[in-house]
Amino acid sequence: MDKFPTYASKRHPYASRYSPLNKADALLKWFASSSAPTEDVIAVIDPDNWITKDLTPIAAQVKPGQALANGAWYNSNTGKQLMAELWTYLCSHPEDPEKCQAQLLVPVDLAAVPYFVHREDLAVILPRWKRLIIEIKELCEGNAPFKEKFKGLQITWGAEMLAYNFACAEAGVAHKLQNFQVRDVDPKPSPKRIENTYMIHMGRAWLPWDYEPGAAWTHTEGRDFARHGRQVWCKCNTTAAIVRPWPLPEPGSGYEVDWVSRITLTYLHDAYEQRGGPPQSKYRKLGKDPEARGAYHTSFP
């Protein structure tokens, strides 16, 4: 089994109020550490993603000043308009539109993870990313009209995504946008889409409604996604590390398990078979009970 080193850092105080700050903050500390990366290309991928294909073909396209990423959900005419307006609150010279725009060295690409970026570019992006996250969040605090104005960008939760887009434009790093992943709640991907998908943004898994053994794992949460089948697993549950539906119906058995669910439940099963469950630690506890399981929404220390 391939292994790679892990870097951990202490949390920024502001992360207790907005945990996604951890992404930019931890990366910045990693770059400043004795174990700083030496590889030319850095892939920034959320931890709730399954990698389904070799990422080398993507990394091979990255060059200084040219990154690759998934298109953000707000990558639309409305999203672009809102982002342009948001920048007027963040630029150094809001009173001068020309200077404000000149601060961006390239157009703002509405990118989302996964990001594939040259190491030297990311080193320039990171301090800007972290600064802009905090600036956006501080603009939101106690400012209901501001939050209402930019709710179309989900600004209260998505600040780190928006900040990344602006930080890259400030640093002069453009992004080629592609569809690298599918989400668990997306419509069933076609065979061609599966062939060109490198990862799954996972969260839930389903089994066919008529597969009777699946009834033992039925969830009461997730009714909005009943069109996918019977929900039998969710990363949001405190039982996600304990209850792992298995076995699955064999292909050709007459019970079709969708591709996302089969990957999700197979990866979970195989990981536990090979490596056992995750160790208990201060990062996984829920409360003071050493036997209590952590929850998806529980903040780390």
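Is R119 buried or exposed? Select R119 to begin: its relative accessibility is 18%, so R119 counts as buried, where buried means under 20% relative accessible area, exposed means over 50%, and partly exposed lies in between (1.4 Å probe, protein chains only).

Before going further, keep in mind that this is a predicted model, in which local features need pLDDT of at least 70 and side-chain atom pairs count only at pLDDT 80 or more, while totals for chains, interfaces and linings use all residues. Residues are numbered from 1 along each chain as its sequence is written, and side-chain values use heavy atoms, with hydrogens and water left out.

**Stop 1: salt bridges**

Keep R119 selected and add D40, because the two form a salt bridge with their closest N and O atoms 3.5 Å apart, a salt bridge being a side-chain nitrogen of Lys or Arg within 4 Å of a carboxyl oxygen of Asp or Glu. Side chains of opposite charge can pair when their charged atoms come close. D40 lies in the loop between α1 and β1 and R119 in helix α5, so the pair ties together parts that are 79 residues apart in sequence; helices here (H or I, at least four residues) and strands (E, at least two) are DSSP runs, numbered from the N terminus. D40 counts as partly exposed, at 48% relative accessibility.

Next select K23 and D46, which form a salt bridge whose closest N and O atoms are 2.9 Å apart. K23 lies in helix α1 (residues 21-32) and D46 in the loop between β1 and β2 (49-51), so this pair ties together parts that are 23 residues apart in sequence. Both K23 and D46 are buried.

**Stop 2: the sheet and a helix across it**

Now show the open sheet of four strands, which has the order β1-β4-β3-β5 with mixed pairing; two strands pair if DSSP finds at least two bridges between them. At its edges are β1 (41-44) and β5 (174-178), each of which pairs on one side only. Inside the sheet, strand β3 (residues 66-71) is joined to β4 by four bridges, and the two run antiparallel. To see one partnership, select A69 together with Y115, its bridge partner in β4.

Stay with strand β4 (residues 111-118) and pick P114, which is found there. The peptide bond from V113 to P114 is cis, with omega near 5°.

Then display helix α5 (residues 119-140), which lies across β1, β3 and β4 and runs at about 130° to β4. For this angle, axes are lines fitted to C-alpha atoms, for helices over the stretch in contact (heavy atoms within 4.5 Å), and angles run from 0 to 180 degrees between N-to-C directions.

**Stop 3: around E170**

Which salt-bridge network includes E170? Select R128, R131, E135 and E170, which are linked in a network of salt bridges. E170 is found in helix α7, and at 9% relative accessibility E170 counts as buried. Add Q103 as well, since its side chain makes a polar contact of 2.6 Å with the side chain of E170; such a contact is a pair of N or O atoms within 3.5 Å, and within protein one must be able to donate a hydrogen and the other to accept it, while residues adjacent in sequence count only if both atoms are side-chain atoms.
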